[in-house]
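Colleague: I have a structure to go through and not much time. Can we take it piece by piece?

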2 protein chains.
Amino acid sequence: MTITITAFERSPDGGKGLARDTRVRWALEEVGQPYDVRLVSFRALKEPEHVALNPFGQIPTYEEGDLVLFETGSIVLHLAERHAGLFPSDANARARAISWMFAAVNSVEPPILELVNAKILEGDKPWTDERMPIVKDRVRSRLTQLSARLGSSEWLDGVFSAGDLLMVSVLLRLRASGLLDEFSNLAAYVARGEARPAYKRAFDAQLAINAR
Amino acid sequence: MTITITAFERSPDGGKGLARDTRVRWALEEVGQPYDVRLVSFRALKEPEHVALNPFGQIPTYEEGDLVLFETGSIVLHLAERHAGLFPSDANARARAISWMFAAVNSVEPPILELVNAKILEGDKPWTDERMPIVKDRVRSRLTQLSARLGSSEWLDGVFSAGDLLMVSVLLRLRASGLLDEFSNLAAYVARGEARPAYKRAFDAQLAINAR
């Protein structure tokens, strides 16, 4: 069955790969599944046709026959369960990979989202100069813990998994802030993710749209 | 095999059920699995023995034989996959329930965490009075979308699932703010979750510890 995902007609980041369709493209490339892309304008995101696919009016969505999914994490998990390449075969290792998936989106990404909001939505507010260091320290706190766990390992728990895919994707949002460079093993970890051929194909595919 | 979870020796909320062990207790009660609880002090959360179980020094953790899991979402998913009661049997409906699990922790909870941080970590800052309405509006934006999707349905997608368990748990954090009461169908949805016998048993179990 044809897989169709949605992506921004024009990504707010201009093609840096930070829009969430890149995470799904990367997963599709890792498991070797072809896919179609339907581009959506900002205005169309809020229209009933798209809200029927994603109640929060976001991209990406995932359509495969009768199945409609939203939320990047669940789409990546769906692909990882059905195709080889994103989950280890051992059941316990697979359950631990899922712990890392949720850690990426629920323990590491929330303080990063706060930082993004502080810059983009509140950057013109009078409290920004004083508040930004506090927000950055909340991110640092998580990165310190993640860095300690990763140590000198290549990936978070043995072989590359969907957990690494989401964690690297979440950490990539920090590059512009400079925070990632404060943790050399995390910066190297992210670079290892970006060096994967599947990531490069995913990145190039979104760039081809946004560079037009 | 015996299941052992960790919980706060003394919860910061004094037993209101907002600590994340309640989510795991609720899932265990829904699927009818007995469990042991190991209580952890705030100081012990940061010690190597606990960080080995949860790299972010949080509760809950989940131990079952050789398997160690962290992140509430992954623990609930693990239980839902192995025992009847939290996932529909149809494969597509199950994938959609997982979309709602991720929606709860990655689309709805982040703005709620910002609100919690604004109150608890920044409540004494000079910007609080002016900033709080902005933070609340970000929560309202998500609630408006969720309320529109839920409509007059009992649960998010057919029968009660692990997606509802996490969504109700996330929304419960809003009760004190009054925001939940602005959306009558969401308030009723949360009340339906709390009325489930499994939730009540989970709530009472954590209260019994915190009321001591």
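Modeller: Yes. Take helix 1 of chain B to begin with: among the elements that cover its buried residues are strand 1 (3–8), strand 3 (61–64), helix 4 (72–82), helix 7 (162–172) and helix 9 (197–210) of chain B. Keep in mind that this is a predicted model.

Colleague: How many residues of that helix 1 of chain B are buried?

Modeller: Helix 1 of chain B spans residues 21–30, and 10 of its 10 residues are buried. The buried residues include B:Asp21, B:Arg23, B:Trp26 and B:Glu30.

Colleague: And what happens just after helix 1 of chain B?

Modeller: B:Gly32 takes a positive phi there, of about 70°.

Colleague: Switching to chain A. How is chain A divided?

Modeller: Into domain 1, which covers 3–85 + 198–210, and domain 2, which covers 91–196. Taken over C-alpha atoms, the centres of these two domains of chain A are 21 Å apart.

Colleague: How many residues does each domain of chain A put into the contact?

Modeller: Domain 1 of chain A puts in 12 residues and domain 2 of chain A puts in 11 residues.

Colleague: Which helices of chain A supply the domain 1 side?

Modeller: Helix 1 (21–30), helix 4 (72–82) and helix 9 (197–210) of chain A each supply at least two residues. Helix 1 of chain A gives the most to that side, with five residues. By class, the side of domain 1 of chain A that touches domain 2 of chain A has eight nonpolar, two polar and two charged residues.

Colleague: There's a Phe I noticed. Where does A:Phe87 sit?

Modeller: In the loop between helix 4 and helix 5 of chain A.

Colleague: Is A:Phe87 buried or exposed, and why?

Modeller: A:Phe87 is buried, because 24 other C-beta atoms lie within 10 Å, and the cut-off for buried is 20 or more.

Colleague: Which residues is A:Phe87 in contact with, apart from its sequence neighbours?

Modeller: Leaving aside neighbours within four places in sequence, A:Phe87 is in contact with A:Ala80, A:Glu81, A:Arg94, A:Ala97, A:Ser161 and A:Ala162. As for A:Leu28, it is 59 residues from A:Phe87 along the chain, and their C-alpha atoms are separated by 13 Å.

Colleague: Now both chains. How is chain A laid on chain B?

Modeller: A turn of 180° and a shift of 0.0 Å along the axis lay chain A on chain B with an RMSD of 0.0 Å. That is the relation of a two-fold axis. In chain A, the C-alpha nearest the axis belongs to A:Pro110, at 2.6 Å from it. The same surface serves both copies, since 100% of the contact residues of chain A recur in chain B.

Colleague: How many residues of chain A are in contact with chain B?

Modeller: 35 residues of chain A are in contact with 35 residues of chain B. On the chain A side, strand 4 (67–70), helix 4, helix 5 (91–120) and helix 6 (128–150) each supply at least two residues. Helix 5 of chain A gives the most, with 15 residues. By class, the side of chain A that touches chain B has 17 nonpolar, nine polar and nine charged residues.

Colleague: Last topic, the largest nonpolar core. Which residues have the most contacts inside it?

Modeller: A:Val76, A:Met101, A:Ala162, B:Val76, B:Met101 and B:Ala162, in a core of 107 residues. Leaving aside neighbours within four places in sequence, B:Met101 is in contact with A:Ser74 of the other chain, and with B:Gly73, B:Leu77, B:Ala162, B:Gly163 and B:Leu166.

Technical notes. Residues are numbered from 1 along each chain as its sequence is written. Chains are lettered from A and ligands numbered from 1 in the order in which they are written. This is a predicted model: local features need pLDDT of at least 70, side-chain atom pairs count only at pLDDT 80 or more; totals for chains, interfaces and linings use all residues. Copies are superposed by least squares on the C-alpha atoms of residues with pLDDT of at least 70 in both. Two residues are in contact if their C-beta atoms, placed from the backbone, lie within 7 Å. Domain bounds come from an automatic or database domain assignment. Helices (H or I, at least four residues) and strands (E, at least two) are DSSP runs, numbered from the N terminus. Ala, Val, Leu, Ile, Met, Phe, Trp, Tyr, Cys and Pro count as nonpolar, Asp, Glu, Lys and Arg as charged, and the others, Gly among them, as polar. A nonpolar core is a set of buried Ala, Val, Leu, Ile, Met, Phe, Trp, Tyr and Cys residues joined through C-beta atoms within 7 Å. A residue is buried if 20 or more other C-beta atoms lie within 10 Å of its own, exposed if 12 or fewer, and partly exposed in between; C-beta atoms are placed from the backbone.
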